[in-house]
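Take a moment with the sequence and the 3D view below. Then follow this short tour.

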Amino acid sequence: MLGTERPRPAFLLASGSPRRIELLARIGVTPDQVRPADIDETPRKTELPRQLAERLARAKAEAVAAEATDALVLAADTVVGVGRRILGKPADEAEAARFLGLLSGRRHRVMTAVCLMQPGGRRTSRLVTTILAFQRLTQAQIEDHVASGEWRGVAGGYQIQKRAEMYVRFLSGSHSNVVGLPLFETAQLLRGAGWLRP
Ligand SMILES: Cc1cn([C@H]2C[C@H](O)[C@@H](COP(=O)(O)OP(=O)(O)OP(=O)(O)O)O2)c(=O)[nH]c1=O
């Protein structure tokens, strides 16, 4: 850094998702601090998947930025939508199996909203949608998936970066978006904030 330049703000990742840390690392970005936001993620009645993702990403970013006004704060939220239905994180094995049944043989959408708060309160964001289709799943495949435990703590109850990819017949759009952080759009936001070089 040259002496005439202003010092960089601290970069905080407002997320407890290990996937988001790994994805950022892939584009050479290491947060100065990881500070998961503690917010209520319950969908509102009649809220659409994209509205939920946008609202939660913003709420996570604002919650952390409120305690660190001089920092650059990045947050994201990933939601799976099948029609108007929102699939969050399955509560238990039965719900994980039900989600897989809903995804079986159908197209669905994965939406990730990314929100970046700059020091001084300027906010920029992106909403990215990836369309996927799973093959039709047999009962045995659903049972194996549930037994793998890979449904825990993830939207829709599957992880494309793990065994579930073998069921993905079709994907249109960003792969990293499905894993929790669309890297192309995140890099655009970070460039806009002067954090990455154009
Ligand atoms: C669909 C899908 C989701 N996911 C993950 C990404 C997100 O971490 C998670 C969705 O939950 P989120 O609420 O977006 O994120 P999180 O609770 O893991 O972390 P935080 O709120 O602190 O940022 O699901 C995968 O890892 N692979 C997939 O294929």
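## A helix, a strand and a pocket

Serine 176 sits in helix α5. Keep in mind that the model is predicted. Serine 176 has a relative accessible area of 12%. Buried means under 20%, so serine 176 counts as buried. Its side chain makes a polar contact of 3.3 Å with the side chain of serine 174. Leaving aside residues up to four places away in sequence, serine 176 touches Leu23, Leu181, Pro182 and Leu183.

Now turn to strand β3. How many residues of β3 are buried? The count is 11 of the 11, so the rest of the structure largely encloses this strand. Both faces are covered. On one side, Leu72, Leu74, Ala76, Thr78, Val80 and Val82 are buried. On the other side, Val73, Ala75, Asp77, Val79 and Gly81 are buried too.

Which strands pair with β3? The table lists β1, β4 and β5 as partners, with the sense of pairing and the bridges.

| Partner of β3 | Residues | Sense | Bridges |
|---|---|---|---|
| β1 | 11–13 | parallel | three |
| β4 | 85–87 | antiparallel | three |
| β5 | 107–117 | antiparallel | nine |

Single residues show how these pairs line up. Leucine 13 stands opposite leucine 74 of β3. Valine 80 faces leucine 87 of β4. Aspartate 77 has alanine 113 of β5 as its bridge partner. The strands β3 and β4 also form a hairpin, with two residues between them. In that hairpin, glycine 83 takes a positive phi near 60 degrees.

Next, look at two residues of β3 in turn. Alanine 75 lies in this strand, which spans residues 72–82. Is alanine 75 buried or exposed? Its relative accessibility is 1%, so alanine 75 counts as buried. Beyond the residues up to four places away in sequence, alanine 75 touches Ala14, Ala57, Lys60, Ala61, Ala113, Val114 and Cys115. Arginine 35 is 40 residues away from alanine 75 along the chain. The C-alpha atoms of the two are separated by 9.8 Å.

Aspartate 77 belongs to strand β3 as well. The unreviewed UniProt entry carries the annotation "active site" for Asp77. That label comes from the record. In the model, aspartate 77 is buried, with a relative accessible area of 3%. Which residue makes a side-chain polar contact of 2.8 Å with aspartate 77? The partner is lysine 60. Lysine 60 is also among the residues that aspartate 77 touches, once those up to four places away in sequence are set aside. The others on that list are Arg20, Glu41, Ala53, Leu56, Ala57, Met111, Thr112 and Ala113.

Strand β3 matters again when you look at the pockets. The largest pocket has a volume of about 580 Å³. Its lining holds 33 residues. Closest to its centre are Arg20, Thr78, Lys89, Gly153 and Ala155. Which elements each supply at least two residues of the lining? They are α1 (18–26), α2 (49–65), β3, β4 and α5 (175–179). The largest share comes from β3, with four residues.

End with a loop. Threonine 46 is found between β2 (33–34) and α2. Is threonine 46 buried or exposed? Its relative accessible area is 70%. Exposed means over 50%, so threonine 46 is exposed. Its backbone deserves a look too. Most residues other than glycine have a negative phi. Threonine 46 has a positive phi, near 65 degrees, and threonine 46 is not a glycine.

Key
Residues numbered from 1 in each chain as written. Predicted model: local features only at pLDDT ≥ 70, side-chain atom pairs only at ≥ 80, totals over all residues. Heavy atoms only, no water. Buried < 20%, exposed > 50% of the residue type's maximum accessible area, 1.4 Å probe, protein only. Contact = heavy atoms within 4.5 Å. Pairing = 2+ DSSP bridges. UniProt positions renumbered as here; feature names shortened; annotations may be inferred. Polar contact = N/O pair within 3.5 Å; in protein donor to acceptor, adjacent residues only side chain to side chain. 1 Å grid on protein atoms, 1.4 Å probe; cavity = no way out; pocket = protein on both sides within 12 Å on 5 of 7 lines; lining within 4 Å. Points joined across faces, edges and corners; volume = space filled by probe spheres on them.
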